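Hi,

Here is the structure I promised to pass on. Have a look at it first, and my notes follow underneath.

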Amino acid sequence: MSDIDQILLAKDRLSGHVRQTPILTSRFLDEIAGRRIFVKAECLQHTGSFKFRGAWSAITGLDSHVAKRGVIAFSSGNHAQGVALAAQLNGIAACIIMPSNAPETKIRNTRALGAEVVLYDRETESREVVAEHVNLGRGLTLIAPFDDPLVVAGQGTCGLEIAEQASDLGVSNADVLVNCGGGGLTSGIALALEAKAPGLRARPVEPEEFDDVTRSLRSGRFERNTRKSGSICDAIVTESPGELTLPIMKRLCGPGFVVSDDDCLQAVALAFAYLRIVLEPGGAAALASALFHGNEIDSEDAIVVATGGNVDPGIFRVALDRFYP
């Protein structure tokens, strides 16, 4: 079970290895949103996303003799890169199971970080079955993308930073909007805020037709998506919430937001125009919710976690061309 004590231990393990990412502001974005927006730029984290936090926490939390055998993970790209870099820096092998239709940038970067990459068809194959087959006789330890206490603890260190930075900015009451796939980051941030900044409330943000967490929070039970792909927000497309993460989110998070792909593309363009940061669509969903769904925000201020910037150049050009021809 993840809790604030595990997050504080993860903070110690990450010290000197993780970047404390900045909070950025723009009066132009405030005007669009109709409130103050504070953007936590996790796209500036190692490997371009928050995922390095959880990967480093999980790998450095393993017993040394277990870690030496290497690790295995499945991911469409951001968790893949986080695990690959954390493994490389700790001198151990990493094997990553990635969908064949993952963005080419993410596949290429994962290989460049020294990981073995095995591709699979996410429409016809199970990543768990592929990973089990690849791992036969190898003894690699699975680093799950979200349903792992050490991963959640690592992601929770982002929440510790948000609590401290919000305090420095004089923000004591705000909705904290978090791009959400399986809920590892959302639940980790929620736990950190509960302990360190109870006036800040985490709220998950998901793409249309892949809103399993939002529906689960509404119904009180595990909901699943009927599709496995089809959104440009590949970084936050999952089948269902985690067994570990959903109970945390049910206890601590407010209602979820659901945004369209077009909302996210516009948020990508606006983040570049007014903050000069590069986001991928799944990393911009929370910003899209703040800019275009402000009527669903309960507080005067919103803190947005910009979770990743690993966008394919083609998608980035589409975003810029569509809104800044």
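What covers the buried residues of H6? The cover includes helix H5 (78–89), strand S4 (94–99), strand S5 (116–120) and helix H14 (313–323). The buried residues in helix H6 (residues 104–112) are Thr105, Lys106, Ile107 and Thr110, where buried means under 20% relative accessible area with a 1.4 Å probe, protein chains only. Just after H6, Gly114 has a positive phi of about 95 degrees.

Before you go further: this is a predicted model, with local features needing pLDDT of at least 70 and side-chain atom pairs counting only at pLDDT 80 or more, while totals for chains, interfaces and linings use all residues. Residues are numbered from 1 along each chain as its sequence is written, and side-chain values use heavy atoms, leaving out hydrogens and water. Helices (H or I, at least four residues) and strands (E, at least two) are DSSP runs, numbered from the N terminus.

Now the core. The largest nonpolar core (buried Ala, Val, Leu, Ile, Met, Phe, Trp, Tyr and Cys residues joined through side-chain atoms within 4.5 Å) has 38 residues, and Val39, Leu177, Ile277, Leu279, Leu287 and Val304 touch the most other members. Helix H12 (261–275) is among the elements that give two or more residues to this core, and H12 gives the most, with 8. Apart from this core lies another, of 35 residues, including Phe50 and Ile189.

Leu279 touches, among others, Cys43, Val268 and Val311, not counting residues up to four places away in sequence; contact means heavy atoms within 4.5 Å.

Cheers

Notes
Buried means under 20% relative accessible area, exposed over 50%, partly exposed in between (1.4 Å probe, protein chains only).
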